[in-house]
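Visitor: Please give me a close look at one part of this model, its buried interior. Keep it brisk, and show me how the pieces connect.

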Amino acid sequence: TICLMVHGPLRWARNSNEQDLESIEDLEVDFMEQQSIKLADVLISPSTYLLEWITKQGWALPNSPPPLSSSSSLSSPHGVFVQPYILPQEARRAVAAAVEAHQA
């Protein structure tokens, strides 16, 4: 089972800053984020607002079970929940720059 925690997709961040998707890389990231959401077995969001935003964008959601906000009650038959986190594009660039600077 693949559980995806969606948090600040690139399109959402750009729209919030009144910016457009401007490069091929932006379009690739947008496509991959949409496909990740669509192909996940379970989608978890930090808020109902973000789930509604994703739906309004026309992005496909996982078929089952319905998406959850992080305030929802989560349980596992083994009592373990692992939450993967994918950094937003801007954060990935900052991390890469910091690593490169450290290696220099």
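Guide: Buried residues account for 25% of the chain's 104 residues. Bear in mind that this is a predicted model. The accessible surface of the chain is about 7100 Å². Carbon and sulfur atoms supply 56% of that surface.

Get the layout first. The chain has 4 helices and 3 strands. Read from the N terminus, they come in the order β-α-α-β-α-β-α. Sequence distance counts here too. Take the contacts between residues at least 6 apart in sequence: 63% of them join residues at least 24 apart.

Now go inside. Which residues form the largest nonpolar core? It has 10 members: Leu4, Val6, Ile37, Ala40, Leu43, Leu50, Leu51, Trp53, Ile54 and Trp59. Helix H3, residues 48-56, gives the largest share, with 4 residues. There is a general pattern to set beside this. In soluble globular proteins, nonpolar side chains tend to be buried together.

Stay on H3. Its buried residues include Leu50, Leu51, Trp53 and Ile54. Look down the helix axis. The buried residues of H3 fall within an arc of 160°, so they line one face of the helix. Ile54 is a good one to click on. Setting aside residues up to four places away in sequence, Ile54 touches Val6, Ile37, Trp59 and Leu61. Among these, Val6, Ile37 and Trp59 are fellow members of the core. After H3 comes Gly58, with a positive phi near 85°.

Next, the two tryptophans. The model holds 1 aromatic pair. Trp53 and Trp59 form that pair, in an edge-to-face arrangement. Their ring centres are 5.6 Å apart, and the planes meet at 75°. Why edge-to-face? The angle of 75° is over 60 degrees, so the pair falls in that class. Are these rings buried or exposed? Trp53 has a relative accessible area of 10%, so it is buried, the limit being under 20%. Trp59 is buried as well, at 6%.

Follow Trp59 across to helix H2, which spans residues 24-39. Asp30 sits in that helix. Asp30 is buried, with a relative accessibility of 5%. What does Asp30 contact, apart from neighbours within four places in sequence? The partners are Arg11, Leu21 and Trp59. Asp30 thus links this part of the tour to the next, because it is a buried residue that touches both Trp59 and Leu21.

Leu21 lies in the loop between H1 and H2. At 23% relative accessibility, Leu21 is partly exposed. Beyond its neighbours within four places in sequence, Leu21 contacts Leu10, Arg11, Arg14, Asp26, Leu27 and Asp30. One of these partners, Arg11, is 10 residues away along the chain. The C-alpha atoms of Leu21 and Arg11 are 6.9 Å apart.

Another partner of Leu21 is Arg14. Arg14 belongs to helix H1. Is Arg14 buried or exposed? Its relative accessible area is 9%, so Arg14 is buried, under the 20% limit. The side chain of Arg14 reaches the backbone oxygen of Asp20, at 3.5 Å.

The loop between H1 and H2 also carries Glu18. Glu18 has a phi near 55°, positive although the residue is not a glycine. Glu18 is exposed, with 76% relative accessibility. Use Glu18 as your contrast to Arg14: one is exposed, the other buried.

Finish on the loop after H3. Pro62 sits between H3 and strand E3, which covers residues 68-69. Pro62 is buried, at 8% relative accessibility. Which residues does Pro62 contact outside its neighbours within four places in sequence? They are Ile37, Lys38, Ala40, Asp41 and Leu43. Of these, Ile37, Ala40 and Leu43 are in the nonpolar core. Asp41 is 21 residues from Pro62 along the chain. Even so, the C-alpha atoms of Pro62 and Asp41 are separated by 6.1 Å.

For a quick route on screen, start at Ile54 and step to Ile37, which Ile54 touches. From Ile37, move on to Pro62, its contact. Then go back to Ile54 and take its contact with Trp59. Trp59 leads to Asp30, and Asp30 to Leu21. From Leu21 you reach Arg14.

Definitions and conventions: Residues are numbered from 1 along each chain as its sequence is written. This is a predicted model: local features need pLDDT of at least 70, side-chain atom pairs count only at pLDDT 80 or more; totals for chains, interfaces and linings use all residues. Side-chain values use heavy atoms; hydrogens and water are left out. Helices (H or I, at least four residues) and strands (E, at least two) are DSSP runs, numbered from the N terminus. Buried means under 20% relative accessible area, exposed over 50%, partly exposed in between (1.4 Å probe, protein chains only). Contact means heavy atoms within 4.5 Å. Accessible areas come from the Shrake-Rupley method with a 1.4 Å probe; for residues, only the protein chains shown count as cover. Rings of Phe, Tyr and Trp (its six-membered ring) pair if their centres lie within 6.5 Å; planes under 30 degrees apart count as stacked, over 60 as edge-to-face and the rest as tilted. A nonpolar core is a set of buried Ala, Val, Leu, Ile, Met, Phe, Trp, Tyr and Cys residues joined through side-chain atoms within 4.5 Å. A polar contact is a pair of N or O atoms within 3.5 Å; within protein, one must be able to donate a hydrogen and the other to accept it, and residues adjacent in sequence count only if both atoms are side-chain atoms. The arc is that of the directions from the helix axis to the C-beta atoms.
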